[in-house]
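Trainee: I would like a close look at a single part of this model, with the strand pairing as the way in. Please keep the criteria explicit as you go.

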Amino acid sequence: MADPSSCCYSCATCLLCLYSCQWFTTKKEKRKGLRTTKCDCSWFLFLFCVFLFTMVWLYFAIIILNDFHNFNEFIFKQRKLWLDWSLVLLIATAMLITYSAVLLVLALCLQLCGQPLKLHWLHKTLLILTALVVAAAFTGLGIKWAEEWRSARISLQATGPFLHIGIVGGMTLLAWPLASFIYRTHNTGLKVFLLLVYCAVMIALYLSPLGITSPCIMEENQLPPKPALAGHRGAPMLAPENTLMSLHKAVDCDVQVFETDVMVSADGFPFLMHDEELTRTTNVQAVFPERAALNSTAFNWTDLQQLDAGSWFLERRPFPTVQSLSAGDRYQATKQRIPSLEQALEAAKQSNISIMFDLRPENHSDYQSFVNATLEVIFQSGIPLQQVLWLPDGFREQVKQQAPGIQQVYGRKRLQNEKEPLLHVNLPYQDMSSEEIRQYRQDNISVNLYVVNEPWLFSVLWCSGVSSVTTNACQLLKEMKHPIWLLPSSTYLMVWIVVDCASFLTILWAFLLLK
């Protein structure tokens, strides 16, 4: 290796100590003739790949935060343990990426200082473990939560232009240690290979904007109206879900629709509840411990009214926003009870918002009586039928005949040669592309997508022209007056050219300066 004349000896020695876990001095190094071997280069390449692997996982971890509350609910259903697992995910990911990033920076600094890349066996073991942990995380994601791969594809519409700039910048900085290594090594074949790979990657990056598409690359005057908001079980970040408090908080967030779930008690009273069991959102284990595992529909209305449907919200803190609630809101939350559908309809009527609901469980043997009981309550409430959005597929034709004024919302896409055209669809946001959303909008079909919590996702759907979104974060999306970013195509083209040209000139400068 060349003498590290431009580097401070003590600094180089310290870097070697951290990277190799051994204390070298420059004189000893010269005597022993330590050099970076092919095996050392292979480990550096492995380190670089692990760093990229963890960076990709960090990106996925940030993207899936939009849906992580579903994961928390799933774990509670399986283990009866509530924890905000997103914190565990982010802390673990931060530790892995910090470790690999520090090692990579040490290796690049050692290369610039002309020192050998002797990675210690402990670091090698930890890097292998890091790669295995991240691989296991991706495998688990693919098996148990496959729809998040579609979420990642959608996210590229929001982040693609910025990822391009960031990756080009990172690869441009890599030109300095690469040039230093190429000028120091005597292996011609390795030089040619590294240059070819680097040039191929940079050319691909320079041309990648040709494949980047985003609905937010448009002129300002082409931006569709802001999507309406539907409160998912009300405003669950501000109040216990599926309670009257949650409904009123959603109204304060200017939602146009209160989205909820309806079940029917053993004595025929429709009430609001999402889970098949009452354990997550009530104190049923304390009041009826021997019946806690029963289905929600097994309880009569008198029993349900004895349950506290709000204190769990303060104890488990399903969202970080619970910590910022006022004393008045905390007190109000402890007084919440399971509301009947009649109470919810009355509140929706007074607030002049629509109510959209599922009727659960659809596989119940007495489901037709559930439908009849629900329709009876709707008729008795006096709410205008056009404010009721009906989601259940079971006995839909019967509902159309008995209550033709109720708006029918379908949980599927339209079919070819549909006899009766759909007017409203309600789908997961992963199930519709931007092109499909635009087409439905042109055909006057209202599209509601769920569950949309993050501003980046709301921005993409806004630019696509979606009619409305169901959200847990109505208080956050309410404040958005504009998509996070909106870029005219001409401006994007100019940015692309400037970034690529600046990168090319910097790389050229690095190779000429270090020659």
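Trainee: How many bridges join strand E1 (residues 228-232) to E2, and do the two run parallel or antiparallel?

Mentor: E1 is joined to E2 by 3 bridges, and the two strands run parallel. Before building on that, note that this is a predicted model, in which local features need pLDDT of at least 70 and side-chain atom pairs count only at pLDDT 80 or more, while totals for chains, interfaces and linings use all residues. Residues are numbered from 1 along each chain as its sequence is written, and side-chain values use heavy atoms, with hydrogens and water left out. Strands (E, at least two residues) and helices (H or I, at least four) are DSSP runs numbered from the N terminus, and two strands count as paired if DSSP finds at least two bridges between them.

E2, which covers residues 257-264, is a good centre for the description. One of its contacts with E1 is the bridge between His-232 and Glu-259. E2 also pairs in the parallel sense with strand E4 (residues 354-359), over 6 bridges, and there Val-257 stands opposite Ser-354. With strand E3 (residues 270-272) the pairing is antiparallel, over 3 bridges, and Val-264 has Pro-270 as its bridge partner. The hairpin of E2 and E3 has 5 residues between the strands, and within the hairpin Gly-268 takes a positive phi near 90°.

The surroundings of E2 can be described in terms of accessibility, where buried means under 20% relative accessible area, exposed means over 50%, and partly exposed lies in between (1.4 Å probe, protein chains only). Since 8 of the 8 residues of E2 are buried, the strand is largely enclosed by the rest of the structure. In a regular strand the side chains alternate between the two faces of the sheet. In E2 both faces are covered, with Val-257, Glu-259, Asp-261 and Met-263 buried on one side and Phe-258, Thr-260, Val-262 and Val-264 buried on the other.

Returning to E1, its other pairing to consider is with strand E9 (residues 468-471), to which it is joined by 4 bridges in a parallel arrangement; Gly-231 has Thr-471 as its bridge partner there. E9 pairs in turn with E8, again in the parallel sense, over 2 bridges, and Leu-449 is matched with Val-469. As in E2, both faces of E9 are covered, since Ser-468 and Thr-470 on one side and Val-469 and Thr-471 on the other are all buried.

The loops that adjoin these strands hold several backbone features that deserve a check. The peptide bond from Arg-360 to Pro-361 is cis, with omega near -15°, and Pro-361 is found in the loop between E4 and helix H16 (367-381). A cis bond also runs from Tyr-450 to Val-451, with omega near -20°, and Val-451 lies in the loop between strand E8 (446-450) and helix H19 (455-464). Asn-242, although not a glycine, has a positive phi of about 55°; it belongs to the loop between E1 and helix H10 (244-252) and, at 4% relative accessibility, counts as buried. Asn-352 also has a positive phi, near 60°, and is placed in the loop between helix H15 (341-351) and E4, but at 61% relative accessibility it counts as exposed.

Helix H18 (residues 434-442) has Ser-434, Ile-437 and Tyr-440 as its buried residues. They cover an arc of only 125° around the axis (taken from the directions from the helix axis to the C-beta atoms), which puts them on the same side of H18. Glu-435 and Gln-442 are exposed on the other side of H18.

As for the record, UniProt lists residues 227-481 as "domain: GP-PDE" in an unreviewed entry; its positions follow the numbering used here, feature names are shortened, and annotations may be inferred rather than shown by experiment. In the model, residues 227-481 are 34% helix and 16% strand, and the end C-alpha atoms of this span lie 11 Å apart.
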